[in-house]
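Welcome to a short guided tour. Keep your viewer open and select along with me as we go.

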Amino acid sequence: MSTEATPPMQSGAGRPRGSSREDTLAKLLPAARQLFAEKGYAQTTFKDVGKAIGISHAALYSYFPSKTELYLATLADTQALLLPAYEQALSSADTLREQIIGVLLASADAHDRDSAITGLLAAVPIEMRRHRELHDALSGQNNAVMDVLKQGFANAQQRGELRCEATLDNLVTAFLGGGVGVALFQYGLQNNGSLREAMDVYVAMIEGMIFR
């Protein structure tokens, strides 16, 4: 287990003077996202996160009782940055082609605003395999985006939009895996290029491969 035990109370910086809990969380969660993305779950500590926002690591326990809880809150906060754009793309388009283009480009725009979104989300499956506490916490959760995508691919198959006869699971895995791969490669390169430009190329490629 890589959770951190709750330490005894220590003197030091607590919540910044004049700030509310919401104000502190608005700084804490992006800082945690950056650290989890760059260092991974195992190597990120409460001390790292506290230092990043100017409070003691002991004070963080008034917000989250464990590193697992902090990671889950950071993940939920990160997903919330994407969900409105995803839901808009999935609900406003009439065809799967338009839906998945909307999802991919929304992901690219989010990455260009904050590349740590890609670093965190792309690592979640690996972190779940490495850490039982994350697997247990996340494996039973419903994934609304996955469910909507599966239904979208099923509808597209019925309408004859797709060239291939792959299973729904494989279609969604290939779609998400390809998009995440493009984003993760861009993230790893740490260059100044726009992911939106690279994703436009990926969109053009998959349009020619899977759609009639």
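Before the first selection, one cut-off will help: a residue counts as buried when its relative accessible area is under 20%. Please keep in mind, too, that this is a predicted model.

**Stop 1: Thr-118**

Start by selecting Thr-118, which you will find in helix H5. Is Thr-118 buried or exposed? Its relative accessible area is 9%, so Thr-118 is buried. Now show what surrounds it: leaving aside residues up to four places away in sequence, Thr-118 touches His-111, Ala-183, Leu-184 and Tyr-187.

**Stop 2: the whole chain**

Zoom out and switch to a cartoon view. The protein chain has 9 helices and 0 strands, so no strand needs a colour of its own. Along the sequence the pattern reads α-α-α-α-α-α-α-α-α. Switch to a surface and you are looking at about 11600 Å² of exposed area, 53% of which is supplied by carbon and sulfur atoms. Of the 212 residues in the chain, 40% are buried. If you draw a contact map, take the contacts with a separation of 6 or more: 72% of them join residues 24 or more positions apart.

**Stop 3: H1 against H5**

The next stops look at pairs of helices. Two packed helices are described by the angle between their axes and the distance between the axes.

Select helix H1, residues 21-39, together with helix H5, residues 116-130. Their axes come within 8 Å and cross at roughly 60 degrees, which makes H1 oblique to H5. The crossing is left-handed. To see where they meet, show Arg-33, Gln-34, Phe-36 and Ala-37 on H1, and Ala-116, Ile-117, Gly-119 and Leu-120 on H5. Coloured by class, this contact has 5 nonpolar, 2 polar and 1 charged residues.

**Stop 4: H1 against H2**

Keep H1 and add helix H2, residues 46-53. At what angle do the axes of H1 and H2 cross? They cross at roughly 130 degrees and come within 9 Å, so H1 is oblique to H2. Here H1 passes H2 in a right-handed crossing. On the H1 side, show Thr-24, Lys-27, Leu-28, Ala-31, Ala-32, Leu-35 and Lys-39; on the H2 side, show Asp-48, Val-49, Ala-52 and Ile-53. These residues divide into 7 nonpolar, 1 polar and 3 charged.

**Stop 5: H3 against H4**

Move on to helix H3, residues 67-92, and helix H4, residues 96-113. The two pack at an angle of about 160 degrees, with their axes 8 Å apart. That angle makes H3 roughly antiparallel to H4, and H3 passes H4 in a right-handed crossing. From H3, select Leu-82, Ala-85, Tyr-86, Ala-89 and Leu-90; they meet Gln-99, Gly-102, Val-103, Ala-106, Ser-107 and Ala-110 in H4. By class, the contact of H3 with H4 holds 8 nonpolar, 3 polar and no charged residues.

**Stop 6: Tyr-202**

Finish in helix H9, residues 195-210, by selecting Tyr-202. With a relative accessibility of 12%, Tyr-202 counts as buried. Which residues does Tyr-202 touch, not counting those up to four places away in sequence? They are Leu-104, Ala-174, Phe-175, Gly-178, Gly-179 and Val-182. For a last distance label, pick the C-alpha atoms of Tyr-202 and Gly-178: they are separated by 8.4 Å, while the two residues lie 24 residues apart along the chain.

Methods
Residues numbered from 1 in each chain as written. Predicted model: local features only at pLDDT ≥ 70, side-chain atom pairs only at ≥ 80, totals over all residues. Heavy atoms only, no water. Helix = DSSP H or I, 4+ residues; strand = E, 2+ residues; numbered from the N terminus. Buried < 20%, exposed > 50% of the residue type's maximum accessible area, 1.4 Å probe, protein only. Contact = heavy atoms within 4.5 Å. Areas by Shrake-Rupley, 256 points an atom, 1.4 Å probe, with all protein chains shown as cover. Axes fitted to C-alpha atoms, helices over the stretch in contact; angles between N-to-C directions. Parallel < 35°, antiparallel > 145°, perpendicular 65-115°, else oblique. Left-handed = near helix turned anticlockwise from the far one by under 90°. Nonpolar A, V, L, I, M, F, W, Y, C, P; charged D, E, K, R; others polar.
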